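Please open the structure in a viewer and keep the selection panel at hand. The tour proceeds by selections, each followed by a description of what is found there.

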Amino acid sequence: MKKARIKTPLGIAELCGNSDGLISVKVMDAGSVTSEIPSELKTAATQLASYFKGELNEFSLKLNPQGTDFQKKVWKQLEKIPYGTTTSYLQLSRELGDKKAIRAVAAANGKNPLWIIVPCHRVIGSDGSLTGYAGGLYRKKWLLDLENPPKQQSLF
């Protein structure tokens with residue numbers, strides 16, 4: 001497994017993967033960055049940098065997250081949430097075919113190993129509230145603001 005650490009506006013992101021794809025992206029508050037990024041991770045590092053600059057709104061990477069079949073099903077559904085939009089845990093459960101699975105869907109969402117790439121930050125509470133986020137709610141708000149900045153009001 002190859003690893004690399006890159007600087008982002010929200011902390012240090014650790015990328016892990018191999019020739020089969022990107023396995024995980026985690027965010028940390030501090031740490032050192034990698035001087036040379038392994039070839040298996042260069043595209044992911046480049047796309048993340050473009051995302052943070054506001055130049056990329058859809059990732060095209062080979063992914064290889066590790067989890068249960070149910071978790072992978074939830075993560076696949078998360079990938080369908082368009083840039084700049086949000087959905088609720090309840091809506092996600094309905095889209096997966098079982099509105100009663102809301103807690104299991106929320107738990108799988110919380111175990112998402114691919115920070116930002118699989119956009120779990122786009123899932124909010126049914127009442128519009130920012131609910132749990134493994135990276136911290138301030139990061140979730142920052143990411144949602146990046147993807148959907150406030151519109152400038154016209155004075156006239």
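The stops below concern a hairpin, a nonpolar core, an annotated site and the cysteines.

The model is predicted, and every value quoted here is computed from it or taken from a record.

**Stop 1: the hairpin.** Select residues 2–8, strand E1, together with residues 11–18, strand E2. The two strands pair in the antiparallel sense, over 7 bridges. A hairpin of 2 residues makes the connection from E1 to E2. To follow one bridge, pick Ile6 and look across to Ala13, its bridge partner in E2.

**Stop 2: the largest nonpolar core.** Next, select Leu15, Val25, Leu48, Leu78 and Trp115, the residues with the most contacts inside the largest nonpolar core, which has 35 residues. Colouring by element shows where the core residues come from: E1, E2, strand E3 (21–28), helix H1 (39–52), helix H2 (69–78), helix H3 (89–95) and H4 each give two or more. The most come from H1, with 6 residues. Where does this core lie with respect to domain 1 (2–53) and domain 2 (69–147)? Since both domains give residues to the core, it lies between them.

**Stop 3: the surroundings of Leu48.** Centre the view on Leu48 and display its contacts, setting aside neighbours within four places in sequence. Ile6, Leu15, Val25, Phe59, Ile116 and Ile117 are then found in contact with Leu48. Ile6 was met at the hairpin, as the bridge partner of Ala13, and Leu15 and Val25 are among the residues with the most contacts inside the core.

**Stop 4: the annotated site.** Select Cys120, where an unreviewed UniProt entry places the feature "active site". Cys120 belongs to the loop between helix H4 (102–110) and strand E5 (123–124). Is Cys120 buried or exposed? Its relative accessible area is 8%, so Cys120 is buried. Not counting residues up to four places away in sequence, Cys120 touches Leu78, Asn109, Asn112 and Tyr133. Leu78 also appeared at the second stop, among the residues with the most contacts inside the core.

**Stop 5: the cysteine sulfurs.** Finally, add Cys16 to the selection and draw the distance from its sulfur to that of Cys120, the closest cysteine sulfur: 16 Å. Why is there no bond between them? A disulfide requires the sulfur atoms to be within 2.5 Å, and the separation of 16 Å is therefore too far for a bond. The count of disulfides accordingly comes to 0. Cys16 is itself buried, with a relative accessible area of 4%.

Terms used:
Residues are numbered from 1 along each chain as its sequence is written. This is a predicted model: local features need pLDDT of at least 70, side-chain atom pairs count only at pLDDT 80 or more; totals for chains, interfaces and linings use all residues. Side-chain values use heavy atoms; hydrogens and water are left out. UniProt positions are given in the numbering used here, feature names are shortened, and annotations may be inferred rather than shown by experiment. Helices (H or I, at least four residues) and strands (E, at least two) are DSSP runs, numbered from the N terminus. Buried means under 20% relative accessible area, exposed over 50%, partly exposed in between (1.4 Å probe, protein chains only). Contact means heavy atoms within 4.5 Å. Two strands pair if DSSP finds at least two bridges between them. A nonpolar core is a set of buried Ala, Val, Leu, Ile, Met, Phe, Trp, Tyr and Cys residues joined through side-chain atoms within 4.5 Å. Domain bounds come from an automatic or database domain assignment.
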